[in-house]
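Let's look at a structure together and ask why its parts are described the way they are. Each reply sets a value beside the rule that gives it its name.

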Amino acid sequence: MTMVNQKAIFVALFFLVLLAYPWLDGGSYGIDLVTKIMIYAIFALSLELLVGSTGLVCFGQAAFFGIGAYAAVLLSGEDGPASILWLLPASAGAAALYALAVGSLSLRTKGVYFIMVTLAFAQMAYFIVHDTPLGGGTDGIYLYFRPILGEWLVLDEPLVMYMFSLFCLVGTFGFLGVLLRSRFGRALAGIKENEQRMLGTGFVTYPYKLAAFTISGALAGLAGFLFAVKDGFVNPELLNWHLSGAALVMIILGGLGHLRGAITGAFAFMLLQEFFKSEAIFGEFARHWHLGLGLVIILAVAFLPSGLVGLPDVLRSRLAGSGVVPLKKLPEGGR
Amino acid sequence: MDLTTFLIQCLNALQYGLLLFLVASGLTLIFGIMGVINLAHGSFYMIGAYMAYALSPVIEATLGGGFFLTLLIGLALAVLLGYLLEWAFYSYLYNRDHLQQVLMTYGLILVFEELRSLLVGDDVHGVQIPDFLSGSIPLGEVMSYPVYRLFVSAMCLVLVVGLFYIFNRTRLGMMIRAGASNREMIQSLGIDINFLYRVVFAAGFALAAFAGMVAAPVSSVYPGMGNEVLIICFVVVVIGGIGSIQGALVAALLIGFIDTFGKVLLPEAAGVLVYLAMAVILLWKPNGLFKAA
């Protein structure tokens, strides 16, 4: 069996487990938690398209997430449930529009400057939501009616919400998988590897990067839409830079350059949080859950330079006794 | 706005800008020379502020107290801590990808915040202004300006002058500037780059902690104070141009004035102004105002 097939089988198994999970556990707490994690996984995937696949480190992803969430609440009105058919595209579209504007400007800068300009635009969106009455200010706003699709898809039901989120997660994963294997995706990989050479071979790279940025914004907006519908409530903290940071940590922890890394990272990050917050295990000390999470992250950097998806390779080489961890990329610079 | 108010706000802006510079100068040097994106830099500021809060009663009890003594002991501790941190964590990051550095320093933020919570708790604490600095100077008929704020600005100015002297006029400064522009070259000239890194890192830690210590009586100490400073200092560093200490000074003062006057003149837009300024500047000059040495 080739490696590619093996990985595809793992991913398919993973999604099957998620599909069966409500019947394995059935508790409302677990279903709510896994729904939330799947939404974060979509959010992480949107960032992976930029950071892992195109080499553009965006530090303002929470803005697109938040705009998608706010759009879902503001557009749905107070008269009755809106249809998912138009509310979902409208929410993702609002986020994509903002991403198009931000991308067209910030792609003029590079490297750390790009990181900071995307942060600046996200902070602007944060303060606009935070300081103006448009979105209810710091208190946030409630969603009066969860959107529906006909009579059979009513997102009020936690199990339906769970399945819809899973459907969106699998859809996003599949969409990005196809996108990255297309000519467009190859161009993005080329830009990540060596943009100068891409320019040299006659690719005008700017439209490719802008398209990736906009698609990424739309997917983050989709995640935001789901989040708003699940909680029935939005507040400015959805646009906070902490969330952009957490998404970055998820994809780095999972392993950059792999779509499954983003999902692995989101699950690992959220489950670790859940683990260290658990009072059943840590008792009083659960209040200080950041400490454990921080230490695990530091250990992960020290021992898993290529993220959690590199773990099988590390174990395999340890078992083989060579002790040499194959690195995809040679370290830059030197001490 | 009358002249007195304007003057007061100018002093506030200057003080804020200078404090920002102290934190940002370390950040820009650590990035410029070692190529490390240090997200935990805000925590160094936080550690300094909490040292000012936690050390003064201890020193009061053992050595009889004294504001300057507390500052000195805090600074010494900060240098020591910076040196140890570099040895234990950061020295492993130089060869790594930037994103790995982001991940590890994010982990360090979480650890520092929780250690703070374990040792000192999560309450907001005020820090006493020493008696001899607690007065205020009358300005005009109704307004006055606290002496302590003037003292903070003066202390910062002394440090800024000292920093520029070291940077531009001494052998150590020359090595640091050389390291920022080409680290392989200065290694091959026989300069111990590991030692240089450790010095710069410890100095950066100490500067940020010092800023925290002198700011503590003005701002009081509270959870999350490090993260607020971190983001604004990154803004300063990129506006100024990464690795450029002159740029950091200009940018810090600029942000100080924009933020202070924004809060007075346009209170509802004050939060956005700083980021708007940053976006405009970076779109106009994509590499910051000053190119690094």
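Q: Where is A:Tyr142, and what makes it count as exposed?
A: In this predicted model, A:Tyr142 sits in strand β1 of chain A, which covers residues 141-142. A residue is called exposed if 12 or fewer other C-beta atoms lie within 10 Å of its own. A:Tyr142 has 12 C-beta neighbours inside 10 Å, so it counts as exposed.

Q: Which residues does A:Tyr142 touch, not counting those up to four places away in sequence?
A: They are A:Gly232 and A:Phe233. Two residues are in contact if their C-beta atoms lie within 7 Å. As for A:Leu75, it is 67 residues from A:Tyr142 in sequence, and their C-alpha atoms are 12 Å apart in space.

Q: Why is B:Val147 called partly exposed?
A: Buried needs 20 or more other C-beta atoms within 10 Å, exposed needs 12 or fewer, and partly exposed is in between. B:Val147 has 15, so it is partly exposed. You can find B:Val147 in helix α5 of chain B, residues 147-169.

Q: What is B:Val147 in contact with, leaving aside its neighbours within four places in sequence?
A: B:Val147 is in contact with B:Leu133, B:Gly135, B:Ser136 and B:Ile137. For B:Ala76, 71 residues from B:Val147 along the chain, the C-alpha separation is 26 Å.

Q: What makes B:Gly66 partly exposed?
A: B:Gly66 has 14 other C-beta atoms within 10 Å, a count in between the limits of 12 and 20, and is therefore partly exposed. Look for B:Gly66 in the loop between α2 (41-63) and α3 (67-88) of chain B. B:Ser56 is 10 residues from B:Gly66 in sequence and 8.1 Å from it in space, C-alpha to C-alpha.

Q: What is the phi of B:Ser220, and why does B:Ser220 count as partly exposed?
A: Its phi is positive, about 60°, although B:Ser220 is not a glycine. The loop between α8 (193-219) and α9 (225-240) of chain B holds B:Ser220. With 14 C-beta neighbours inside 10 Å, B:Ser220 falls between the two limits, so it counts as partly exposed.

Q: How do you know that α10(B) is roughly antiparallel to α11(B)?
A: Helix α10 (residues 245-265) and helix α11 (residues 270-284) of chain B pack at an angle of about 150°, and their axes are 8 Å apart. Angles over 145 degrees count as roughly antiparallel, so α10(B) and α11(B) earn that name. Their crossing is right-handed. On the α10(B) side the contact is made by B:Ile255, B:Ile258, B:Asp259, B:Gly262 and B:Lys263, and on the α11(B) side by B:Ala270, B:Leu273, B:Val274 and B:Ala277. By class, that contact has six nonpolar, one polar and two charged residues.

Q: Why are α7(A) and α9(A) called roughly perpendicular?
A: Helix α7 (residues 183-193) of chain A packs against α9(A) at an angle of about 110°, with the axes 10 Å apart. Roughly perpendicular covers 65 to 115 degrees, so the term fits α7(A) and α9(A). Here A:Phe184, A:Ala187, A:Leu188 and A:Ile191 in α7(A) meet A:Thr205, A:Tyr208, A:Lys209 and A:Ala212 in α9(A). Their classes are six nonpolar, one polar and one charged.

Q: How many residues does each chain give to the contact between the chains?
A: Chain A gives 38 residues and chain B gives 36. On the side of chain A that touches chain B, the elements giving two or more residues are α5 (111-131), α10 (241-254) and α13 (289-303). The largest share, 12 residues, comes from α5(A). That side of chain A divides into 26 nonpolar, nine polar and three charged residues.

Q: Where is confidence lowest and highest among the elements of chain A?
A: Strand β3 (residues 153-154) is lowest, at a mean pLDDT of 78, and helix α9 (residues 205-231) is highest, at 95. Chain A averages a pLDDT of 87, and chain B has a mean of 88. For the complex, the predictor gives an ipTM of 0.82 and a pTM of 0.86.

Note on methods:
Residues are numbered from 1 along each chain as its sequence is written. Chains are lettered from A and ligands numbered from 1 in the order in which they are written. This is a predicted model: local features need pLDDT of at least 70, side-chain atom pairs count only at pLDDT 80 or more; totals for chains, interfaces and linings use all residues. Axes are lines fitted to C-alpha atoms, for helices over the stretch in contact, and angles run from 0 to 180 degrees between N-to-C directions. Helices (H or I, at least four residues) and strands (E, at least two) are DSSP runs, numbered from the N terminus. Angles under 35 degrees count as roughly parallel, over 145 as roughly antiparallel, 65 to 115 as roughly perpendicular and the rest as oblique. A crossing is left-handed if the near helix is turned anticlockwise from the far one by less than a right angle, and right-handed if clockwise. Ala, Val, Leu, Ile, Met, Phe, Trp, Tyr, Cys and Pro count as nonpolar, Asp, Glu, Lys and Arg as charged, and the others, Gly among them, as polar. pLDDT is the predictor's confidence in each residue, from 0 to 100.
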